Amino acid sequence: MKDSHHSKRQQSRATLTPQVDASYIYIACPWSPGGGGMYKVADYLIQCQAEHLPNGSARLRALDTRGSSGPQYSLWVLLIAIMRIAAGRLQGRLAGVHVNVATRMSLFRKGTLIVACAVMGVPTVLHLHAQMNGFYDRLPAVLRWLTRWVFSLPQGVLVIGPGAKAFVIDVLHVPADRVQTIINGVPEPDSVPQAVPGSPLHRVLFLANLSDRKGLLDLLQALAHPALDTSGLIVTIAGGGNVAAYLAKARALGVSDLVRFEGWCDQRKVSRLLANSDLLVLPSHDEVLPLAILEAIAHGVAVVTTAVGEIPSLLTDGINAVFVTVASPASIAAGMQKVLKTPGLKQTLARNGRALYRQHFCLSRFFSNIASVHQQCFGVASCMKETSPSVKDLQEQADGDASVSDDKPAHTELNSRPASH
């Protein structure tokens with residue numbers, strides 16, 4: 001047993017060790033759980049690339065742009081990232097930098113990185129993980145100009161859906177032939193929920209950082225709404241944040257006996273929670289495309305969500321999800337009641353969602369699409385493992401004793417429950 005465990009750890013270290021003479025591509029984002037969904041999908045790319053790459057391919061390597069401490073420390077981490085890019089440029093092995101971008105300080109840090117790459121002649125791909133419309137409109141004119149300039153520098157711009165694509169082309173004036181839509185992917189789950197015949201329980205899961213923006217307060221209020229039959233209802237709330245504050249709100253609403261708070265969960269625990277859930281409820285006020293929804297449909301879990309961001313462009317109300325109104329506890333209660341009480345609806349949503357996952361959201365498809373962009377923009381790309389990894393595969397790989405290197409910063413955990421972008 002010990003030899004088997006040692007072998008797995010050796011394999012994990014081997015996967016994270018770069019080929020000495022190979023070219024590489026940096027995947028730039030905050031490499032910590034605080035990096036949110038962009039960190040998680042970036043880490044999926046790193047972890048599921050082939051252990052032994054064929055000649056002419058490039059190894060994906062992690063590049064931390066923020067660190068896990070305060071703003072002042074993040075500037076030091078950003079400077080180190082730029083120095084690593086400069087070193088790779090001088091060595092002639094750095095093929096390009098894939099820069100994952102959101103809004104606010106993320107745009108400032110990654111914009112600085114993109115400008116530095118342009119000065120050094122290093123090609124970049126900008127991967128947008130946020131809805132920028134409102135944020136951009138509130139910027140002063142000079143910062144809007146700088147934003148457009150930053151977006152003009154990369155060889156390619158990746159977006160998650162048609163709304164973001166239209167914004168990048170029409171508002172930021174990036175040429176259409178340099179903008180591509182690539183939908184995020186998640187790994188194949190280890191198991192899917194198994195129906196328990198005649199069970200009186202209805203297992204509901206909320207999976208996100210605990211915040212009003214994610215609709216958690218709306219959900220708690222929906223549990224107290226008379227339109228929802230709460231008999232047999234068990235609501236699990238998983239995510240990092242102020243658990244005590246939301247537990248107090250649940251008590252004040254008289255629904256604390258219905259809910260249990262799990263706190264922050266790693267990916268293996270998230271997978272277990274999904275495998276033991278009937279319904280994911282995510283009534284966010286603002287989103288792009290939450291990984292929690294992709295993970296839910298991968299597991300064959302029915303979804304109730306708000307039609308925000310790119311969600312309505314990829315999911316269909318009544319077919320593979322049920323849409324509810326933003327900031328409306330009554331609508332959320334009605335949506336939950338509809339799924340849980342309409343005969344066959346929960347199973348239909350789960351089945352259609354699982355089919356949609358296989359068609360659009362599987363990790364192998366996502367990796368292949370990213371590799372195609374890298375080949376186009378950098379002239380080289382990485383290769384994925386022959387078998388698409390499951391949640392368990394990625395967890396075991398991440399659990400290995402990875403040494404501190406450009407490939408994997410110390411204490412990085414693949415399996416974090418992300419915050420929103």
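Which hand does the crossing of α10 and α16 have, left or right? That was my starting point today. One reminder to myself before I go on: this is a predicted model.

**Entry 1: the α10 and α16 pair**

I looked up the crossing of α10 and α16, and it is left-handed. Helix α10 covers residues 267-275 and helix α16 covers residues 391-398. Their axes are 9 Å apart, and the packing angle is about 160°. Angles over 145 degrees count as roughly antiparallel, so α10 is roughly antiparallel to α16.

Next I wanted to know which residues make the contact. From α10 I noted Gln267, Arg268 and Ser271. From α16 I noted Val391, Lys392, Gln395 and Glu396. I sorted these contact residues by class and got one nonpolar, three polar and three charged.

**Entry 2: a closer look at Val391**

Valine 391 sits in helix α16, and I picked it for a second look. Is valine 391 buried or exposed? Its relative accessibility is 2%, so it counts as buried; the cut-off for buried is under 20%.

I also checked what valine 391 touches, leaving aside neighbours within four places in sequence. On α10 I already had Gln267, Arg268 and Ser271 as part of the helix contact, and they turn up again in the list for valine 391. Pro187, Glu188, Pro189 and Asp190 are in that list too. Then I took the C-alpha atoms of valine 391 and glutamine 267: they are separated by 7.1 Å, though the two residues are 124 apart along the chain.

**Entry 3: zooming out**

I stepped back to the whole protein chain. It has 16 helices and 12 strands. Of its 421 residues, 54% are buried. How many of the contacts between residues at least 6 apart in sequence join residues at least 24 apart? I found 75%. The valine 391 and glutamine 267 pair, 124 residues apart, gave me a handy example to keep in mind.

**Entry 4: α2 against α15**

Back to helices. α2 runs over 36-47, and helix α15 covers residues 363-378. Their axes are 11 Å apart, and they pack at about 85°. Angles from 65 to 115 degrees count as roughly perpendicular, so that is the word for α2 and α15.

The α2 side of the contact is Val41, Tyr44 and Leu45. The α15 side is Leu363, Phe366, Phe367 and Ile370. By class I got seven nonpolar, no polar and no charged. For my own notes, I set that beside the α10 and α16 contact, with its one nonpolar, three polar and three charged.

**Entry 5: the loop after α2**

I followed the chain on from α2 into the loop that leads to β2 (58-64). I looked up two residues there.

Leucine 53 is in this loop. It has a relative accessible area of 8%, so it is buried. Its C-alpha atom and that of serine 382 are separated by 7.3 Å, with their positions 329 residues apart along the chain.

Serine 57 is in the loop between α2 and β2 as well. With 7% relative accessibility, serine 57 counts as buried. Where does the side chain of serine 57 reach? It gets to the backbone oxygen of proline 54, at 2.5 Å. Not counting residues up to four places away in sequence, serine 57 touches Ser23, Val380, Ala381 and Cys383.

**Entry 6: α11 against α14**

One more helix pair. Helix α11 covers residues 291-298 and helix α14 covers residues 345-361. They pack at about 115°, with axes 7 Å apart. From α11, I listed Leu294, Ile297 and Ala298. They meet Gly353, Arg354, Leu356, Tyr357 and Phe361 in α14. The class count for this contact is six nonpolar, one polar and one charged.

**Entry 7: two positive phi values**

Last, I checked some backbone angles. Histidine 173 has phi near 60°, a positive value in a residue other than glycine. It lies in the loop between α7 (162-170) and β6 (179-181). At 55% relative accessibility, histidine 173 counts as exposed.

Alanine 327 also has a positive phi, near 60°. Its loop runs between β12 (322-324) and α13 (329-341). Alanine 327 has a relative accessible area of 45%, so I wrote it down as partly exposed.

Conventions: Residues are numbered from 1 along each chain as its sequence is written. This is a predicted model: local features need pLDDT of at least 70, side-chain atom pairs count only at pLDDT 80 or more; totals for chains, interfaces and linings use all residues. Side-chain values use heavy atoms; hydrogens and water are left out. Axes are lines fitted to C-alpha atoms, for helices over the stretch in contact, and angles run from 0 to 180 degrees between N-to-C directions. Helices (H or I, at least four residues) and strands (E, at least two) are DSSP runs, numbered from the N terminus. Angles under 35 degrees count as roughly parallel, over 145 as roughly antiparallel, 65 to 115 as roughly perpendicular and the rest as oblique. A crossing is left-handed if the near helix is turned anticlockwise from the far one by less than a right angle, and right-handed if clockwise. Contact means heavy atoms within 4.5 Å. Ala, Val, Leu, Ile, Met, Phe, Trp, Tyr, Cys and Pro count as nonpolar, Asp, Glu, Lys and Arg as charged, and the others, Gly among them, as polar. Buried means under 20% relative accessible area, exposed over 50%, partly exposed in between (1.4 Å probe, protein chains only). A polar contact is a pair of N or O atoms within 3.5 Å; within protein, one must be able to donate a hydrogen and the other to accept it, and residues adjacent in sequence count only if both atoms are side-chain atoms.
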